[in-house]
Amino acid sequence: MGVLRLTMAQALLRFLDQQYVQLDGKEHKFVKGVMGIFGHGNVLGIGEALEREPGSLRFIQGKNEQGMTHAAVAYAKQKNRLEIFACTSSIGPGALNMVTAAATATVNRIPVLLLPGDIFACRQPDPVLQQLEHPMDYTVSVNDAFKPVSRYWDRITRPEQLMSSMIQAMRVLTDPAETGAVTICLPQDVQTEAYDYPEDFFRKRVHYLDRKPASQAAIERAADLISRKQKPILIAGGGVHYSLAYEELRQFAEAFGIPVAETQAGKSAIPWDHPLNMGAIGATGSLAANRLAREADAVICVGTRLGDFPTASKTAFTSPKAEFIHINVSGFDASKLNACQVVADAGAGLKELTSALQARSYKSAHNGPELAKLKAEWTREVDRLYGLESEEGLAQTRVLGELNRYMAGEVIVAASGSLPGDLHRLWRSEAPKSYHMEYGFSCMGYEIAGAFGVKLAEPDKEVYALVGDGSYLMLHSEILTSIQEGVKVNVILLDNHGFQCIHSLQRENGSDGFGNEFRLRSPETGRLTGDYVPVDYAAHARSMGIKAFSATSVDELKEALRQAGEEKGSTLIEIKVLPGTQSGGYESWWRVDVPEVSTSDKVRAARETMNEHVQQALKI
């Protein structure tokens, strides 16, 4: 066996360039490139290797380490985890900027490879600039902060360690049950050290994503349970997308007459106008889905984490007969709510369960006309919200109605604030992957960077980042990256003067509202109770070199959308919306604890209401 004398950084890139995954016989190049910002700690190691090494890895220059990593996460999510970008940073603050995005990836079960620079392994110049010195453990660096948010973590202190470490890294990145952020810390001196690597380390490697079948015993248990039930409901989670199980989901629902509800990650797995699609479920759910959930005696979950939003903090399913069945490739997720576990690929599990229930001649007791009536009632409510008029200005739901009609078939990206609730409830998705919501972490600042990543994954589609003013102010730096790369993203900025989602949450629970609107400090009160802070977001966007428009009416919005659609480069549309005009809850609850002691009667009343809901949740 021959050897190649390479630096550790050169060897790393050659290895990454030869990684492939295969699903259903189709091969995908797994690592498409590297996003990075260079500084001491990576510029002369992996940076020099990227400049000089032959290979097909594309380098994209980020503008904020968190932002570029969000873009990589969004890319992998949109590609159904079949392709990824790696992300590299300098040491210290550069590395720490990626931690939030690492958590976003891990919470959402999305693969991303992080390559932060690290302090000198030799320790000769210690303490180097940006080095954190821990007086009780000199092996600690800021990169240890990645441990709790990574699915695999390692530090390469000798160049030969790279070989075993990267094999383990690829194992985790390509495992649908274990995937998330993988962090390989790279001390800057070790990146530049040479080693005689065996040529075999750089051969093409194909990681086979074999669909995990369910055990026959698990299928029989699930089929026996469902066959005793009259009013089941299906919950479609993100696993339906990653498994490409769209047909299996539709066929299962139609075969047994079972209505389908969607989580944020599962939305668009089935068209909004399918007769059995009852829309979103839980705290941000539709009236139709939440009413069906309340009477369901079987809840068939497919590929979902079962977070507090789809379960309405465990109050959505109140029937004493309710039992849970969970098809999930992860045993950890499949075990939630004491479910009957079917640990399997979503598509494979649905197929096998379909056959088992057909053998039992099963059919739900749901009444078709009643389901149609529920769906029609909800459709009318969405139409009402989409058509709201106000003399004072634009309501948020009216804006979304206009956007929904214009963007049919295109991809929207969102993550935080009041928009996820409205979009989950109201948005009418026509095709799979047209709805890209990061709601596992609901990370403010994901939206624009995420839209950039989605556009990289879907270059032939228009991609729209729906973002509030609060999230825009947190992280908009990758607008510049989109210009640099010639990758068009459209930013739809709804300006409602602050963090209105949390402002509404305050007021719903007894508060008068404090510290969440963008107001000037008042000389009279000494608090942030003055006029709204005037900001021209369109002008700000133009300063970065993109075409920007403003809209304060429906006609102006329609014209702005038309003009933005004709642009070849990135755009921004600033829309002034009335604060507090998002949709409300529909017979659902979400737990946010209220003070047990307060001088306010409203707060004490809200605490009593909270206690009642908690007692209901404890019964499940």
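Begin in the loop between strand 7 and strand 8, and select Arg123 there. The model is a predicted one, and in it Arg123 has a positive phi of about 70°, although this residue is not a glycine. Most residues other than glycine have a negative phi, and most peptide bonds are trans. Next, select Pro127, which also lies in the loop between strand 7 and strand 8. The peptide bond that leads from Asp126 to Pro127 is cis, with omega near -5°.

**From the loop to a salt bridge**

Now select Arg155 and Asp118. These two residues form a salt bridge, and their closest N and O atoms are 2.7 Å apart. The pair links distant parts of the chain: Arg155 belongs to strand 8 and Asp118 to strand 7, with their positions 37 residues apart in the numbering. The structure as a whole holds 42 salt bridges.

**The sheet that contains strands 7 and 8**

Display the strands numbered 4 to 9. They form an open sheet of 6 strands with parallel pairing, and the order across the sheet is 5-4-6-7-9-8. Which strands stand at the edges? They are strand 5 (58-61) and strand 8 (152-155); each has a single partner strand, so one side of each is left without a neighbour in the sheet. Looking across the sheet, the reader will find a twist that averages 20° from one strand to the next.

Within this sheet, select residues 31-36, which make up strand 4, together with residues 84-89, which make up strand 6. The two strands run parallel and are joined by 5 bridges. To see one pairing, select Gly36, whose bridge partner in strand 6 is Thr88. Then add helix 3 (residues 65-78), which packs on the sheet and touches strand 4, strand 6 and strand 7 (112-118). The direction of helix 3 makes about 165° with that of strand 6.

**A second sheet**

Move on to the strands numbered 12 to 17. Here, too, 6 strands form an open sheet with parallel pairing, in the order 14-13-12-15-16-17. The edge positions belong to strand 14 (277-280) and strand 17 (340-343); each has a single partner strand, so one side of each lacks a neighbour in the sheet. The twist from one strand to the next averages 20°.

Select strand 12 (residues 232-236) and strand 15 (residues 298-302), which pair in the parallel sense over 5 bridges. Leu234 stands opposite Ile300 in strand 15. Two helices that pack on this sheet can be added in turn. Helix 8 (residues 216-227) touches strand 15, strand 16 (323-328) and strand 17, and its direction makes about 140° with that of strand 17. Helix 10 touches strand 12, strand 13 (260-262) and strand 15, and its direction makes about 170° with that of strand 12.

**From helix 10 to helix 13**

Keep helix 10 (residues 246-256) selected and add helix 13 (residues 346-359). Their axes come within 9 Å and cross at roughly 20°. Angles under 35 degrees count as roughly parallel, and helix 10 and helix 13 are therefore roughly parallel to each other. Their crossing is left-handed.

To inspect the contact, select Glu248, Leu249, Phe252, Ala255 and Phe256 in helix 10; they meet Gly347, Leu350, Lys351, Leu353, Thr354, Leu357 and Gln358 in helix 13. The residues of this contact divide into 7 nonpolar, 3 polar and 2 charged.

**Last stop: helices 15 and 16**

Finally, select helix 15 (residues 396-406) and helix 16 (residues 419-426). How far apart are their axes, and at what angle do these helices pack? The axes are 11 Å apart and the angle is about 55°. Helix 15 and helix 16 are therefore oblique to each other. The crossing of helix 15 and helix 16 is right-handed.

On the helix 15 side of the contact are Gln396, Thr397, Leu400 and Asn404, which meet Leu419, Asp422, Leu423 and Leu426 in helix 16. This contact is made up of 4 nonpolar, 3 polar and 1 charged residues.

Methods. Residues are numbered from 1 along each chain as its sequence is written. This is a predicted model: local features need pLDDT of at least 70, side-chain atom pairs count only at pLDDT 80 or more; totals for chains, interfaces and linings use all residues. Side-chain values use heavy atoms; hydrogens and water are left out. Axes are lines fitted to C-alpha atoms, for helices over the stretch in contact, and angles run from 0 to 180 degrees between N-to-C directions. Helices (H or I, at least four residues) and strands (E, at least two) are DSSP runs, numbered from the N terminus. Angles under 35 degrees count as roughly parallel, over 145 as roughly antiparallel, 65 to 115 as roughly perpendicular and the rest as oblique. A crossing is left-handed if the near helix is turned anticlockwise from the far one by less than a right angle, and right-handed if clockwise. Contact means heavy atoms within 4.5 Å. Ala, Val, Leu, Ile, Met, Phe, Trp, Tyr, Cys and Pro count as nonpolar, Asp, Glu, Lys and Arg as charged, and the others, Gly among them, as polar. Two strands pair if DSSP finds at least two bridges between them. A salt bridge is a side-chain nitrogen of Lys or Arg within 4 Å of a carboxyl oxygen of Asp or Glu.
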